[in-house]
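Good morning, everyone, and thank you for making time for this. I would like to walk you slowly through one structure, so please have a look at it before I go on.

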Amino acid sequence: MTTEPITKTPMTTTTAGWSAAAPDQPLLAIQGLRKQFTRANGQIVTAVDDISLSIAPGEFIVLLGPSGCGKTTLLRCIGGLESASEGTIEINGQPMFSAELGIDIPTRRRGISMVFQSYALWPNMTVFDNIAFPLKSRRRGISKAETATAVEEIARVVGIADLLTQYPHHISGGQQQRVALARALVDGNALVLFDEPLSNVDAKVRKDLRVELASLQGKYGFAAVYVTHDQEDAMELADRIVVLDGGRIAQVGAPQDIYQNPSSSYVAAFVGSSNSLPGTVTSATPTAVTLESAFGTVSARPSDDVEPGQAVDVMFRPQHVRIHTERPVGENTWRMCLRKIMHAGTHAEAVLTHDHNIYQARVEVDFDAPLDTDVWVQVAPRHVFAFPQG
Ligand SMILES: Nc1ncnc2c1ncn2[C@@H]1O[C@H](COP(=O)(O)OP(=O)(O)OP(=O)(O)O)[C@@H](O)[C@H]1O
Ligand SMILES: [Mg+2]
């Protein structure tokens, strides 16, 4: 009876009529993509700079990076809202964009759904009509009854079944974002693009929506390219995170992999929190890097990127800092002053100072020690990074 606009496995045929992809074929393949803008004063900005990236069917990719690093521009190029200056984009093996061949398939024929920060709902349409819009606008001969079934199912799944007769300005921001999500998922496209969809909702709603989004993706199996500068979104949602720096890919990998093995101080600072101080390498062997810093001699994990004499950023994560009241045995034991303990529900953060610089340590919630007294801090060498200064 229903046309099953939503399937529980990745779609093999889309509205653009593509045929089934080979199992190992990427859903989205981007090659050498570059996008330049010319500002009003004539200055050229390279917003996307030679990006190549393949995304598998059903994969959840997060584009992560600070403001201005090119996340939205890359997403808009994929969606066909922006024409790149160089490179190619293929979806299911079909060319969507090629600067060289002059191919630029319009957004509506790319078989992509999009969800924006601003919801972008039609104010003069009910929630039902907003969600039904993609089904109606594509004139695929879907009957009224089939449309109603599809809209009601997705509305139920995203938790807004009782709001279908309301208008967008009569419902909350979180509810509006659920409507936008339902509208993006209703026609079962294999690829959904998200641009900071949770940044307008409060922290609690954000957390709920994040969990719901992950479960929706598990249920329907769409691939996602999700833009955020929120590392919690990235860590929780991504199969792979793409960290962008000035329009270029700084690192691609699974969240835990990037977290544990960041390739630069830029990535280490952006994915997870970290402490950092300058240092100078005194020796670099295949088993260890030794350096001099304000803490004295520091042992860091081995790195091919540094050599003796080189100035480096020494970085370590609050999670890896151990605090002791008695001097512990072993390397990397530093004297610091305990200044404050900040409680955050499931854990606490200790604020420490050394030479007027501030460092952070993750401690247990029941951690207790007198403030403004000296403690011993220890970090295992395998948790200390030495990155070339960038
Ligand atoms: N239409 C435009 N004309 C000129 N420059 C632009 C245009 N759109 C974006 N840019 C520039 O391209 C760069 C990348 O912008 P983009 O919007 O992609 O960044 P972003 O990573 O999405 O940032 P944010 O997190 O603030 O949304 C910026 O330097 C921006 O000023
Ligand atoms: Mg943006």
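What you see here is a predicted model, and I will begin with two helices, α2, which covers residues 127–137, and α4, which covers residues 173–185; they pack at an angle of about 30 degrees, with their axes 7 Å apart. Because angles under 35 degrees count as roughly parallel, that angle makes α2 roughly parallel to α4. On the side of α2 the contact is made by V127, N130, I131, F133 and P134, while α4 brings in V179, A182 and R183. If we sort the residues of this contact, six are nonpolar, one is polar and one is charged. The crossing of α2 and α4 is right-handed.

Let us move on to the ligand. Ligand 1 is surrounded by 13 residues, and the closest of them are F37, A47, S67, T72 and T73. Two elements, β2 (44–55) and α1 (71–79), each give two or more residues to this shell, and the largest share, three residues, comes from α1. By character, the shell holds seven polar, four nonpolar and two charged residues.

Finally, please turn to the sheet, in which five strands are arranged in the order β16-β20-β17-β18-β19, forming an open sheet with antiparallel pairing. At its edges lie β16 (322–324) and β19 (357–363), each of which pairs on one side only. Neighbouring strands are turned against each other by 45 degrees on average, with direction ignored. Within this sheet, β17 (residues 333–343) and β18 (residues 348–354) pair over six bridges in the antiparallel sense, and H343 has A348 in β18 as its bridge partner.

Methods. Residues numbered from 1 in each chain as written. Chains lettered and ligands numbered in written order. Predicted model: local features only at pLDDT ≥ 70, side-chain atom pairs only at ≥ 80, totals over all residues. Pairing = 2+ DSSP bridges. Helix = DSSP H or I, 4+ residues; strand = E, 2+ residues; numbered from the N terminus. Axes fitted to C-alpha atoms, helices over the stretch in contact; angles between N-to-C directions. Near = placed C-beta within 6 Å. Nonpolar A, V, L, I, M, F, W, Y, C, P; charged D, E, K, R; others polar. Parallel < 35°, antiparallel > 145°, perpendicular 65-115°, else oblique. Left-handed = near helix turned anticlockwise from the far one by under 90°. Contact = placed C-beta atoms within 7 Å.
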